[in-house]
Amino acid sequence: MRKGKFLPLLLAAALLLSACGNGGSSGESASTASESSGSAEASAAETAAAETSTAETAAAEASAAGEVASATDEVFAMDTYMTVTCYGDQCEEAVAAAIAEIERLDALLSVGEEDSEVALINANGSGTLSEDTLIMVQESLELWETTGGAFDITIYPLMELWGFTTGDFAVPDEEELQAMLALSGSENLTLDEESGLLTVGSGQGIDLGGIAKGYTSGRIMEIFEEYGIVSGMVSLGGNVQCYKTKTDGSLWRVGIQNPLEADDSSSFVGIVSVADQAVITSGGYERYFVDEETGETYHHILDPDTGYPAESGLISVTVVSDNGMLADGLSTACFVMGLEESTSYWQEYGEAFDLILMTEEGDVYVTEGIADSFTSDFTVNLIERED
Ligand code: ADP
Ligand code: MG
């Protein structure tokens, strides 16, 4: 077995475009609230996130538009920096509730925390799912079915084998990989929808990492609603979800990181303008390790058919949808499926989402529904509906 070296390239897949803010201090949780039209208050949103290119200075831009109270906070959870920003009379309460929700879900889903719900299921082979986990598992099973197995939460033992769960990266022994691959597959999961009892097959475990952040950002939109927020956004490691428009009524502009120039945070596949939408990107450049002996790069999205990192020809998949959970699951699935399969998938199921794809050749494709809201320096190929 060969050990690899991890390059923690925690680059954001997408970032919100706006005027520059001032870098703040970094820390677990740096919160600001303001009742002003100034921009300095916005800078806390940058802090540590700025180092990972998830800089959010949305507050600066939007608050310049009017006298609306704003609050922002950030937290490190689910292995990434997360920023929550919103506007409204109860913005501070909303941000606090959002951060608490992120932490609650992280504790529920983390495969690394011994007593998380998911870890207990993996240890015991079964367990009764709580409301949130049940929703995610149901969606995952639906995606597994519709994507022909491209999205498969039973990849957990394979993720472990590659060391993605611990950071102890290694190219697996071929025999071991094949043995584990034979045990994987969501067809061996049994879910009793009534009781919420999930039983996994022999040797199996589940990993909700492909869908958790999108579910979380969706939950935060509900929290914004509860607190009467007038405008807001979250960025969970480059996965952005926007609530309503910016405070001046204009659309949020979300830049999609160009994976061909992954270390240049100002290089974009393109920019998408949205309101009330999640913009969620999967790419192999986000988390990977390099095998020291061969120089080969291995990333964290596995092809459930082979047990190896997916090589579908796509290097970036962005899903735009008002459903964060769906967008997250699909970004992972389409990354596995590749251009052709993703195109036919969209043609069949694409009412609820749109796609922005980049191939390893640097070709950019965008589905019809979002084409008018997308600008790019690349030549953009249009994916149209079938008649
Ligand atoms: P990120 O979480 O880095 O933004 P993704 O949303 O694409 O990227 O999720 C990648 C995560 O999804 C992996 O870390 C792993 O937990 C999980 N995963 C990897 N491959 C698959 C797959 N084929 N189906 C479902 N989940 C997957
Ligand atoms: Mg995903």
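This is a short guided tour of a predicted model, with suggestions for what to select at each stop.

**Stop 1: the magnesium ion**

Start by selecting ligand 2, the magnesium ion, together with Gly-210, Asp-328 and Thr-332. Which atoms of the protein serve as donors here? They are the O of Gly-210, the O and OD of Asp-328, and the OG1 of Thr-332. These donors lie 2.1 to 2.6 Å from the ion. Along the chain, the donors follow the spacing G-x117-D-x3-T. Gly-210 and Asp-328 link distant parts of the chain, being 118 residues apart. To find them, look for Gly-210 in the loop between β9 (197-199) and α8 (212-226), and for Asp-328 in helix α9 (residues 324-349). If you turn on a surface, keep in mind that Gly-210 and Asp-328 are both buried.

**Stop 2: a network of charged side chains**

Next, select Glu-101, Arg-104, Asp-132, Arg-219 and Glu-222, and show their side chains. A network of salt bridges links these residues. Some background helps here: side chains of opposite charge can pair when their charged atoms come close.

Center the view on Arg-219 and follow its partners one by one. With Glu-101, Arg-219 forms a salt bridge of 2.8 Å, N to O. This pair links distant parts of the chain, since Arg-219 sits in helix α8 and Glu-101 in helix α3 (residues 91-109), 118 residues apart. Are these two side chains buried or exposed? Arg-219 has a relative accessible area of 16%, so it is buried. Glu-101, at 7% relative accessibility, also counts as buried.

Now turn to Glu-222, which forms a salt bridge with Arg-219 as well; here the closest N and O atoms are 2.4 Å apart. Arg-219 and Glu-222 are separated by about one helical turn because they are three residues apart in helix α8. Glu-222 counts as partly exposed, at 45% relative accessibility.

**Stop 3: a bridge between two loops**

How many salt bridges does the structure hold? There are five, and one to visit now is formed by Asp-79 and Arg-287. Select both residues and find their closest N and O atoms, which are 3.6 Å apart. Asp-79 lies in the loop between β4 (70-77) and β5 (80-87), while Arg-287 lies in the loop between β14 (278-283) and β15 (288-291), so the pair ties together parts that are 208 residues apart in sequence. At 18% relative accessibility, Arg-287 is classed as buried, whereas Asp-79 is partly exposed with a relative accessible area of 47%.

Stay with Asp-79 a moment longer and look at its backbone. Its phi is near 70°, a positive value in a residue other than glycine. Then add Met-78 to the selection; Met-78 also lies in the loop between β4 and β5. Met-78 is not a glycine, yet its phi is positive, at about 50°. With 14% relative accessibility, Met-78 counts as buried.

**Stop 4: a negative patch on the surface**

Switch to a surface view colored by charge and select Glu-296, Glu-311, Glu-360, Glu-361 and Asp-363. What do these residues form? Together they make up a negative surface patch.

Pick out Glu-311, which is found in the loop between β16 (297-299) and β17 (314-321). At 79% relative accessibility, Glu-311 counts as exposed. For a contrast, select Ile-301, which lies in the loop between β16 and β17. Ile-301 is buried, with a relative accessible area of 6%. The C-alpha atoms of Ile-301 and Glu-311 are 9.3 Å apart, and 10 residues along the chain separate the two.

**Stop 5: a strand residue to finish**

For the last stop, select Ile-383 in strand β21 (residues 380-383). Its relative accessible area is 4%, so Ile-383 is buried. Add Glu-368 and draw a line between the two C-alpha atoms. Glu-368 and Ile-383 are 15 residues apart in sequence, and their C-alpha atoms are 5.8 Å apart in space.

Key. Residues are numbered from 1 along each chain as its sequence is written. Chains are lettered from A and ligands numbered from 1 in the order in which they are written. This is a predicted model: local features need pLDDT of at least 70, side-chain atom pairs count only at pLDDT 80 or more; totals for chains, interfaces and linings use all residues. Side-chain values use heavy atoms; hydrogens and water are left out. Patches are made of residues with over 30% relative accessible area and no salt bridge: like charges are joined within 9 Å, nonpolar side chains (Val, Leu, Ile, Met, Phe, Trp, Tyr) within 5 Å. Accessible areas come from the Shrake-Rupley method with a 1.4 Å probe; for residues, only the protein chains shown count as cover. A salt bridge is a side-chain nitrogen of Lys or Arg within 4 Å of a carboxyl oxygen of Asp or Glu. Lys and Arg count as positive and Asp and Glu as negative; His and the chain ends are not counted. The place of a charge is taken as NZ of Lys, CZ of Arg, CG of Asp or CD of Glu. Helices (H or I, at least four residues) and strands (E, at least two) are DSSP runs, numbered from the N terminus. Buried means under 20% relative accessible area, exposed over 50%, partly exposed in between (1.4 Å probe, protein chains only). Donors are N, O and S atoms within 2.8 Å of the metal (3.2 Å for Na, K and Ca); water is not among the atoms, so sites may look incomplete.
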